[in-house]
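User: Could you please walk me through this structure? I am new to reading such models.

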Amino acid sequence: MNTELIGVMVTFVITVLLAFPLGKYIAKMFAGEKTITDFMYPVERLIYRISGIDPNKGMNWKEFLKSMLAINMLWLFYAFFLLLNQAHLPLNPDGNPNMTPDLSFNTAISFLVNCNLQHYSGESGVTYLTQLFVITFLQFVSAATGIACAVALFNGLKHKTTDNLGNFWEIFTKSITRILLPLCIIMAVIMAFNGTPASFDGKDSIVTLQGDTVKVSRGPAAGMIAIKHLGTNGGGWFGANSAHPLENPNYFTNMVELVAQVLIPMAMLFAFGFYIKRKKFAYVIFGIMTVGMLFLVIPTIYWEMQGSTAIAKMGIMQATGAMEGKEVRFGPAASGYWSIITTIISTGSVNSMHDSSMPLSGMMQMLGMLINAFYGGCGVGILNYFIYIIIAVFIGGLMVGRTPEFLGHKVEAREVKIAALVTLLSAFLIKGGTALAAYYFVNHGNADWAVQPANWLNNPGNHGFSEMFYEFTSSNANNGSGFEGLGDNNIFWNVTTGFVLLLGRFIPIIGPIAIIGLLAKKKFIPESAGTLKVDSLTFGILTFTIIIILTALSYFPPLVLGPIAEYFGMK
Amino acid sequence: MKKYVWPSIKLTMVFIILCAVLYPLLIAGIAKFAPGSGKGETVSVNGKVVGYANIGQKFTEDKYFWGRPSAVDYNAAGSAGSNKGAANPEYLKQVQGRIDSFLVHNPAAKKEEIPAELVTASGSGLDPDLSPAGATIQIKRIALIRKLDESKLISLVNQQTEKPLLGLFGPAKVNVLKLNIELDKLK
């Protein structure tokens, strides 16, 4: 069999084999049982003491959210001011300039919300100081925020009736000291020994074999590339992200990066099952998500390996598939697989340029982000899926004519309203934003911005529309990948996507935490014959169907205008 | 609100030190023992550095194996793909132009044997590799210019071809810079 396909399959199998024990470990660790990382306890005690935190004090859902939002707000200001003044700060060997206010605004938010949309290139847009103190720092803490919020959900479901969702500071701290940091150290060392730079030296200048003088960008990248994947952040050290030969030197590192980005989201699912002692529920969710992932991955790999019909007409050989925007060392199968993994997981790193993917592969990438819950981001994936579950419970309840229940708690109007609002918000932000962009493109083509609207698009026709639609989809999903041909470093895109990023992050976190806070307080109703069994396959399929219906209803029109029309235009 | 602000500030400072100072320093320290001591692995000819092992270079002269088209002209100060959409007419014209010019420089090559990667830009603009077919199709041109035996070049390409990982995973490839360095050594 084809070695490229075997490579992809083995990568997936390794991911599952590692995620399962990691999930078991995460469940034990957050439950306070004995684990192998208990040697970190003195460090954590020191952190609590310095910060004036009592880790044993429980929080209700409002206190939990206030702590989370307070510290996130602080990071936003901190990041914004560093990026605005980076040129004058130390560790700037390449002499890179300050960011403009609108670009700092966008970048600070983008990394705060775990999105990592980048309207700059790493080689020239940031300094080593901001790469570490802003980018790497936010990659750690935004991932830990996501994990902490997922654990709040677990806590709400673990006990029959409770208003204690756990201590945000404690869960947050342990997410870094017990999960992210140890895994990152292992991965960064693997990267460094495979050729990724890790030293603080600036750009190098060399004379090539043919006699040209070129510069080579470097820097302490290995550590950042580890957290960028393990924390499902995705922002690249270099402009070309994981397509760059120093950021992803060979097929082995490509497998490592692919495993790393799915590892924690998948492990959190298994942890969910172990933690609330409903393993079957977690397995059903895992099964549904995997089926969803395969629906997107298999056609994409097929189309990318098949190659471009337009290039086939020119009569050359496409044995290596559609190669525009791809790297030879990965090939079309691993590139296609990555493009779906990175969009369903909300990583947003790329090892090929999505703008040059085949039209329908591009649609699959968009669908991954529009659904945003097949595994999903670090911690937040499970929160997104939880919203779908609440809607499924509500519809299931209507179908059998009973007040809907979820794991012993009545789901009433208030909870369903929150879930519905969260779902509708995405459709509003994505389509509203795209409509606004299209309006400016058509009617104000020569507006006096850094990139004039008439020059925004790198491709004409339907694909140009896709570039705008993709950008808002990616922002709302907190994904961060892009159809990078889009001229996005100007005030319009920096500001509009900045707001979409903020809303697309915090509303889908606040919503589920509020729902679980409200549910967990309610009286526990023991299971009876009429209870809707949420851990059954039937319920899993119901949830899956609802995901498909909601997505199709919300997004069919823009998908037709973009990738589908492009596909038929190529025939 | 004070209840939340002070812990936030202090916790932030702790994690800046842990994640943005100690962690990168630790990795930089360990990487000193890695090939290239964490500065990127370089390749030298006669003691002179001619490039980075993983970063592709521009080869335009007929006597060298060419790499792939690049959207950044192989200047590794930056990196980018072309971001051209598959149906973009201007882009398709560009690809057709590359095919035509390849055939002019390689009159012996058959069009249906030109692998797509030789006429399409890579994702990073710095792709160091070609598929074995991408190197093989250039052998006739180079043999003619360098007055070398084709069989010598065929065995050179074979010897420089890197098999899939463990012989099982991923595509086979040839590093163009290393191939050209060895080519210069052939007599």
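Analyst: The following answers cover the two chains, their contact and one pair of helices. This is a predicted model, in which local features need pLDDT of at least 70 and side-chain atom pairs count only at pLDDT 80 or more, while totals for chains, interfaces and linings use all residues. Residues are numbered from 1 along each chain as its sequence is written, and chains are lettered from A and ligands numbered from 1 in the order in which they are written.

User: What secondary structure does chain A have?

Analyst: Chain A has 18 helices and four strands. Helices (H or I, at least four residues) and strands (E, at least two) are DSSP runs, numbered from the N terminus.

User: And what radius of gyration does chain A have?

Analyst: The value for chain A is 23 Å, which agrees with the figure near 25 Å for a compact globule of 571 residues. The radius is taken over C-alpha atoms, and the globule rule is 2.2 Å times the number of residues to the power 0.38.

User: What about chain B?

Analyst: Chain B also has 23 Å, but a compact globule of 187 residues would have a radius of gyration near 16 Å. The C-alpha trace of chain B spans about 75 × 45 × 35 Å along its principal axes.

User: Which domains is chain B divided into?

Analyst: Domain 1 of chain B covers 1-39 and domain 2 covers 41-185; such bounds come from an automatic or database domain assignment. The centres of the two domains, taken over C-alpha atoms, are separated by 40 Å.

User: How many residues of chain B are in contact with chain A?

Analyst: There are 91 residues of chain B in contact with 100 residues of chain A. Contact requires that the C-beta atoms of two residues, placed from the backbone, lie within 7 Å.

User: Which element of chain B gives the most?

Analyst: That element is α1(B), with 21 residues on the side that touches chain A.

User: Changing topic, at what angle do α3 and α17 of chain A pack?

Analyst: Helix α3 (residues 61-84) and helix α17 (residues 491-521) of chain A pack at about 160°, with their axes 9 Å apart. Axes are lines fitted to C-alpha atoms, for helices over the stretch in contact, and angles run from 0 to 180 degrees between N-to-C directions. α3(A) and α17(A) are therefore roughly antiparallel to each other, a term for angles over 145 degrees.

User: Which residues make that contact?

Analyst: A:W61, A:F64 and A:L65 of α3(A) meet A:I510, A:I513, A:A514, A:I516 and A:G517 of α17(A).

Conventions: Angles under 35 degrees count as roughly parallel, over 145 as roughly antiparallel, 65 to 115 as roughly perpendicular and the rest as oblique.
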